[in-house]
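Here are a few notes to read alongside the structure. I have set them out as numbered points so you can follow each one on the model.

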Amino acid sequence: MGAATGAAAQCAGPYQYNVDEMEGSVFKQVLVTTRDEIERFFNFRFDAFCMDEEEYGAYYDIRKNTLVVGTEFFLDVANPPGNINRAIAVIAHEAAHAFQTKHGLLNMLIETNPHRVKCIELHADFLAGGYMGWRARLYDITLSNMTEMFFDLGDAQTGNDGHHGLGAERFLSFRQGYQTVTDDEITLSSMGIAYVSQAKCD
Ligand SMILES: [Zn+2]
């Protein structure tokens with residue numbers, strides 16, 4: 001069961017703490033439940049899920065197989081009340097990078113296209129959408145609220161190697177994944193690859 005053997009996976013940064021070690025609260029419960037559900041959906045495990053007091057954003061640490069979410073960022077995205085699913089969609093996007101890593105898709109998506117970051121990001125948006133669409137069968141979720149957020153997460157740095165995708169491309173990719181009905185993560189991923197390649201992520 002997870003960190004039972006040897007040294008428990010640590011949250012490395014000086015401003016990080018492990019979600020498992022948080023005091024019991026609604027906040028903790030949402031985080032733990034979300035992680036468990038996402039791990040089940042994507043069929044993998046993080047070594048640790050860390051909150052970070054200094055980071056404003058979220059990322060997947062490939063070397064440590066760790067999910068890191070900025071505390072303030074999480075709270076901002078989740079507020080006002082009713083927006084918790086936006087925060088969960090951000091976690092799902094980062095989990096998608098863990099899934100891509102596990103299945104060797106990072107290299108594959110790089111080979112598909114020289115603008116590797118954008119292909120990888122749009123595929124992760126598609127996977128996050130697929131997860132949220134699956135989740136929508138269990139919980140009350142408003143799609144427009146999340147697509148708006150992915151639109152806002154877009155950037156216009158089209159000439160830059162770090163370009164993640166225009167707002168419209170990100171929201172369309174997320175929505176396409178959301179509307180893909182499957183609980184098989186491999187099928188979802190393949191459909192996502194087909195989608196990003198026909199959407200020409202360059
Ligand atoms: Zn990403």
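1. A word on burial before we start: a residue is called buried if 20 or more other C-beta atoms lie within 10 Å of its own, exposed if 12 or fewer, and partly exposed in between. Please keep in mind that this is a predicted model.

2. With that cut-off in hand, have a look at helix α7, which covers residues 167-178. This helix is mostly covered, with 10 of its 12 residues buried. The buried residues are Glu169, Arg170, Phe171, Leu172, Ser173, Phe174, Arg175, Gln176, Gly177 and Tyr178. You will see charged side chains on that list, Glu169 and Arg170 among them. From first C-alpha to last, α7 reaches 16 Å, close to the 16 Å expected at 1.5 Å a residue.

3. Stepping back to the whole protein, the secondary structure comes to 8 helices and 4 strands. Along the sequence these follow the pattern β-α-β-β-β-α-α-α-α-α-α-α. Buried residues make up 39% of the 202 residues.

4. How does the overall size look? The C-alpha trace spans about 45 × 35 × 30 Å along its principal axes. A compact globule of 202 residues would have a radius of gyration near 17 Å, and the 16 Å found for this protein agrees with that. As for contacts between residues at least 6 apart in sequence, 62% of them join residues at least 24 apart.

5. Now to the sheet. Its 4 strands are arranged in the order β1-β2-β4-β3, and the sheet is open, with mixed pairing. At the edges sit β1 (16-18) and β3 (58-61), each of which pairs on one side only. On average, neighbouring strands are turned by 25° against each other, direction ignored. Helix α3 (residues 84-102) packs on this sheet and touches β3 and β4 (66-70). The direction of α3 makes about 20° with that of β3.

6. If you would like to trace one pairing yourself, try β1 with β2 (residues 48-52): the two run antiparallel and are joined by 3 bridges. Within that pair, Tyr17 has Met51 in β2 as its bridge partner.

7. Which peptide bond is cis? The one that joins Asn79 and Pro80, where omega is about -5°. Pro80 lies in the loop between α2 (71-78) and α3. Pro80 counts as exposed because it has 5 C-beta neighbours inside 10 Å, and 12 or fewer is the cut-off for that class. For a sense of distance, the C-alpha atoms of Pro80 and Leu153 are separated by 18 Å, with the two residues 73 apart along the chain.

8. Two asparagines deserve a glance for their backbone angles. Asn43, in the loop between α1 (26-42) and β2, has a phi near 60°, a positive value in a residue other than glycine. Asn65, in the loop between β3 and β4, also has a positive phi, of about 50°, although it is not a glycine.

9. Are these two asparagines buried or exposed? Asn43 counts as exposed because it has 11 C-beta neighbours inside 10 Å. Asn65 has 16 other C-beta atoms within 10 Å, so it is partly exposed.

Conventions
Residues numbered from 1 in each chain as written. Predicted model: local features only at pLDDT ≥ 70, side-chain atom pairs only at ≥ 80, totals over all residues. Expected span 1.5 Å × (residues − 1). Pairing = 2+ DSSP bridges. Axes fitted to C-alpha atoms, helices over the stretch in contact; angles between N-to-C directions. Contact = placed C-beta atoms within 7 Å. Rg over C-alpha atoms; globule rule 2.2 N^0.38 Å.
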